Amino acid sequence: MTDIAQTVKDAQERAAVLAQALPYLRRYAGDTLVVKYGGHAMVDDSLSNAFGHDIALLKLVGVNPVVVHGGGPQISAMLQRLQIKSTFVDGLRVTDAAMVDVIEMVLAGKVNKQVAGLINRAGALAVGISGKDGGLITARRLQRTVRDADSQIERVLDLGFVGEPVQIDPRVLYALSGSGLIPVIAPVGCGEDGETYNINADTAAGAIAGAVHATRLLMLTDVPGVLDENGTLIPELTAEEARRGIASGMISGGMIPKVETCLEAVRAGARAAVILDGRVPHACLLELFTEAGPGTLIRGE
């Protein structure tokens, strides 16, 4: 095949892909999507650049993406650099007053602007904010209990300034999206007395998705999605099936909080949530615009 013939063939294949995407573009036009960005997709340069282009493309074709990002590895690196020791309980970083200042600096400063920059360089306009801006996330101290194995007495764990959302005020998101901008959110919230709280990014994304009645919550992870007992990917679950999967033990370990976040999001108003394999390039586009989405979709009742 000549070079010209190959060029024509490649162009025809690209045109065919665009034509196949048209029904999906119509389906999501004008809709709000919340994307939780973290894991491997955030630290691999090729994946992060692809993510920036994907989010820019969504905005340019008429979708309204809202990005919520994590930043655990970046926080750990800065704490190590400052010689501040970290401890974890059930995957949550115990956060004292000094540490929460560092966490806010890293999340709402360096990481937030890096993520917004990925999208800006791809041709859209992103604005980095935190959950404290515009009263977006009102938070309270997260309460966790642990039962002593010998005495069976429960005690309350003090996680410090680790928070959970109490209320989401999405007006700042509507203002930004309505002005053609893409909100990029660092998951820190403000308490009623002005305290700063470090919030798990999955939890923040789920709460925001419910509050804005997102058509989809897309959670980028480092796993293929929910697997059955044979290790086969389950492409779709109802909320009831997901709850049964947790109760039976089919859904276990670190997948439980991710599924519970999806369940809470759809309960609060999101139409559906997807646990996506963020290690797959262009995972968001594959999920939205093809039948080959690399993850598990969880629908409401």
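The following conversation goes through the fold, the cores, the empty spaces and some individual residues of a predicted protein model.

Biologist: Before anything else, what kind of model is this, and how are residues numbered?

Modeller: It is a predicted model, in which local features need pLDDT of at least 70, side-chain atom pairs count only at pLDDT 80 or more, and totals for chains, interfaces and linings use all residues. Residues are numbered from 1 along each chain as its sequence is written, and side-chain values use heavy atoms, with hydrogens and water left out.

Biologist: How many helices and strands are there?

Modeller: The protein has ten helices and 16 strands. These are DSSP runs numbered from the N terminus, with H or I over at least four residues for a helix and E over at least two for a strand.

Biologist: What share of the residues is buried?

Modeller: Of the 301 residues, 46% are buried. Buried means under 20% relative accessible area, exposed means over 50%, and partly exposed lies in between, with a 1.4 Å probe and protein chains only. The accessible surface comes to about 14700 Å², and carbon and sulfur atoms hold 53% of that surface. The areas come from the Shrake-Rupley method with a 1.4 Å probe.

Biologist: And what part of the contacts links residues 24 or more positions apart?

Modeller: Such pairs account for 72% of the contacts with a separation of 6 or more. A contact means heavy atoms within 4.5 Å.

Biologist: Turning to the interior, how many residues are in the largest nonpolar core?

Modeller: The largest nonpolar core has 43 residues, and those with the most contacts inside it are Tyr-37, Ile-55, Leu-58, Val-67, Ile-119 and Leu-220. Helix 5, residues 97–121, gives the most to this core, with ten residues. A second, separate core has 38 residues, including Val-68, Leu-176, Ile-199 and Ala-273. A nonpolar core is a set of buried Ala, Val, Leu, Ile, Met, Phe, Trp, Tyr and Cys residues joined through side-chain atoms within 4.5 Å.

Biologist: Which residues does Ile-119 contact?

Modeller: With neighbours within four places in sequence left aside, Ile-119 is in contact with Gly-52, Ile-55, Ala-56, Val-67, Ala-124, Ala-126, Ile-182 and Val-184.

Biologist: What about enclosed space: how many cavities of 30 Å³ or more are there?

Modeller: The count comes to one cavity of 30 Å³ or more, and about 90 Å³ of space lies in the largest cavity. On a 1 Å grid over the protein atoms alone, a cavity is a set of points where a 1.4 Å probe fits but cannot get out; a pocket is an open set with protein on both sides within 12 Å along at least five of seven lines, and lining residues have an atom within 4 Å of a point. Grid points are joined across faces, edges and corners, and a volume is the space filled by probe spheres set on the points.

Biologist: Which helix gives the most to that cavity lining?

Modeller: Helix 3 gives the most to the lining of the largest cavity, with four residues. Helix 3 (45–60) and helix 10 (283–289) each supply at least two residues. Among the lining residues are Phe-51, Asp-54, Leu-220 and His-282. By class, the lining has nine nonpolar, two polar and one charged residue. Here Ala, Val, Leu, Ile, Met, Phe, Trp, Tyr, Cys and Pro count as nonpolar, Asp, Glu, Lys and Arg as charged, and the others, Gly among them, as polar.

Biologist: How much space lies in the largest pocket, and which residues are closest to its centre?

Modeller: The largest pocket holds about 1300 Å³ of space. Of the 47 residues that line this pocket, the closest to its centre are Leu-92, Asn-200, Ala-201, Asp-202 and Thr-203. The lining has 19 nonpolar, 16 polar and twelve charged residues. Elements that each supply at least two of them include helix 4 (72–81), helix 7 (201–211) and helix 9 (255–268).

Biologist: Moving on, where is Cys-190, and what does Cys-190 touch?

Modeller: Cys-190 is in strand 11, residues 188–190, and is partly exposed at 23% relative accessible area. Not counting residues up to four places away in sequence, Cys-190 touches Lys-132, Ile-137, Thr-138, Ala-139 and Glu-195.

Biologist: And Gly-191, buried or exposed?

Modeller: Gly-191 counts as buried because its relative accessibility is 8%. Gly-191 is in the loop between strand 11 and strand 12. The C-alpha atoms of Gly-191 and Thr-138 are separated by 5.7 Å, although the two are 53 residues apart along the chain.

Biologist: Last topic: what is phi for Gln-83 and for His-213?

Modeller: Phi of Gln-83 is near 60°, a positive value in a residue other than glycine, and His-213 has a positive phi of about 50°. Gln-83 is in the loop between helix 4 and strand 3 and is exposed at 75% relative accessibility. His-213 lies in the loop between helix 7 and strand 13 and is exposed, with a relative accessible area of 55%.
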